[in-house]
Amino acid sequence: MPKAVSFIFLLSIFICRLQAQISIAGTVTDSLNKPIPSVSITLQKANSSLIVAFAITNTKGEYRIDYNQPFLKDSFTIKANTIGFVPQTKLLNQAVGVIDFKLKFGVTYLPNVTVKNPKPFLKYKADTLSYNVDSFAAKQDRTIGDVLRRMPGIDVDGNGKISYNGKAISNFYID
């Protein structure tokens with residue numbers, strides 16, 4: 001009799017565990033009903049940005065998400081997102097089922113970016129090329145040759161000969 005009780009107890013734990021699983025599958029297509037590969041599918045807690053599970057669609061636009069949780073008190077959303085399409089989010093009404101997405105084409109505009117460098121690391125005047133050595137120096141440098149090796153176009157061979165784009169330098173000044 002004790003073996004039967006322990007078996008029923010273990011079986012009830014297993015059944016409760018099965019009821020606490022989310023299993024969603026589906027396909028993602030565009031407005032022309034063509035499958036979309038490499039779409040990111042995320043399962044999130046509703047009203048939160050916390051992602052609890054994710055999947056990526058295959059070449060046929062298919063995905064599957066399985067998520068185990070001891071207690072399914074929370075509500076969840078599932079989101080399909082990829083470049084070139086408008087993201088789509090759906091509220092999860094049941095723990096097991098098929099959810100298909102039909103994404104619309106969309107454009108994402110990136111903000112303008114301006115790169116400013118108050119100290120140019122390279123100046124060119126007539127036949128003279130001037131580098132800002134501080135731009136290429138690092139803490140672990142032991143000699144000026146270590147710094148010169150990082151400068152674009154400059155080579156230092158094993159004998160210490162310095163060349164620029166393969167041509168020997170006739171005058172070299174360190175300021």
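The questions and answers below walk through a predicted model of one protein chain.

Colleague: How many helices and strands does the protein chain have?
Modeller: This is a predicted model, and its elements are read from DSSP runs. The protein chain has two helices and 13 strands.

Colleague: What share of the residues counts as buried?
Modeller: Buried means under 20% relative accessible area. The protein chain has 175 residues. Of these, the buried share is 26%.

Colleague: What share of the accessible surface belongs to carbon and sulfur atoms?
Modeller: The accessible surface of the protein chain comes to about 13,400 Å². Carbon and sulfur atoms hold 57%.

Colleague: Which strands stand at the edges of the open sheet, each with a single partner strand?
Modeller: Four strands form this open sheet, in the order 3-2-5-6, with antiparallel pairing. Each edge strand has a single partner, so one side of it is left without a neighbour in the sheet. The edges are strand 3 (51-56) and strand 6 (88-91).

Colleague: By how much are neighbouring strands of this sheet turned against each other on average?
Modeller: The sheet in question has the order 3-2-5-6. With direction ignored, the average turn between its neighbouring strands is 20°.

Colleague: Which residue of strand 3 stands opposite Leu43?
Modeller: Strand 2 covers residues 40-45. Strand 2 pairs with strand 3 in the antiparallel sense, over five bridges. Opposite Leu43 in strand 3 stands Ala53.

Colleague: Is Thr42 buried or exposed?
Modeller: Thr42 is found in strand 2. Leaving aside neighbours within four places in sequence, its contacts are Ile51, Ala53, Phe54, Thr77, Ile78 and Lys79. The relative accessible area of Thr42 is 11%. The limit for the buried class is 20%, so Thr42 is buried.

Colleague: Why does Ile56 count as partly exposed?
Modeller: Ile56 is found in strand 3. Together with Ile51 and Phe54, Ile56 makes a nonpolar surface patch of about 330 Å². Partly exposed lies between the buried limit of 20% and the exposed limit of 50%. Ile56 therefore falls in that class, with a relative accessibility of 49%.

Colleague: Which residue in strand 4 is the bridge partner of Gln21?
Modeller: Strand 1 (residues 21-30) and strand 4 run antiparallel, joined by seven bridges. In strand 4, the partner of Gln21 is Asn68.

Colleague: Which residues make up the covered face of strand 4?
Modeller: Strand 4 spans residues 62-68 and has two faces. Glu62, Arg64, Asp66 and Asn68 form the uncovered face. The covered face is Tyr63, Ile65 and Tyr67.

Note on methods
Residues are numbered from 1 along each chain as its sequence is written. This is a predicted model: local features need pLDDT of at least 70, side-chain atom pairs count only at pLDDT 80 or more; totals for chains, interfaces and linings use all residues. Side-chain values use heavy atoms; hydrogens and water are left out. Two strands pair if DSSP finds at least two bridges between them. Axes are lines fitted to C-alpha atoms, for helices over the stretch in contact, and angles run from 0 to 180 degrees between N-to-C directions. Buried means under 20% relative accessible area, exposed over 50%, partly exposed in between (1.4 Å probe, protein chains only). Contact means heavy atoms within 4.5 Å. Accessible areas come from the Shrake-Rupley method with a 1.4 Å probe; for residues, only the protein chains shown count as cover. Patches are made of residues with over 30% relative accessible area and no salt bridge: like charges are joined within 9 Å, nonpolar side chains (Val, Leu, Ile, Met, Phe, Trp, Tyr) within 5 Å. A salt bridge is a side-chain nitrogen of Lys or Arg within 4 Å of a carboxyl oxygen of Asp or Glu.
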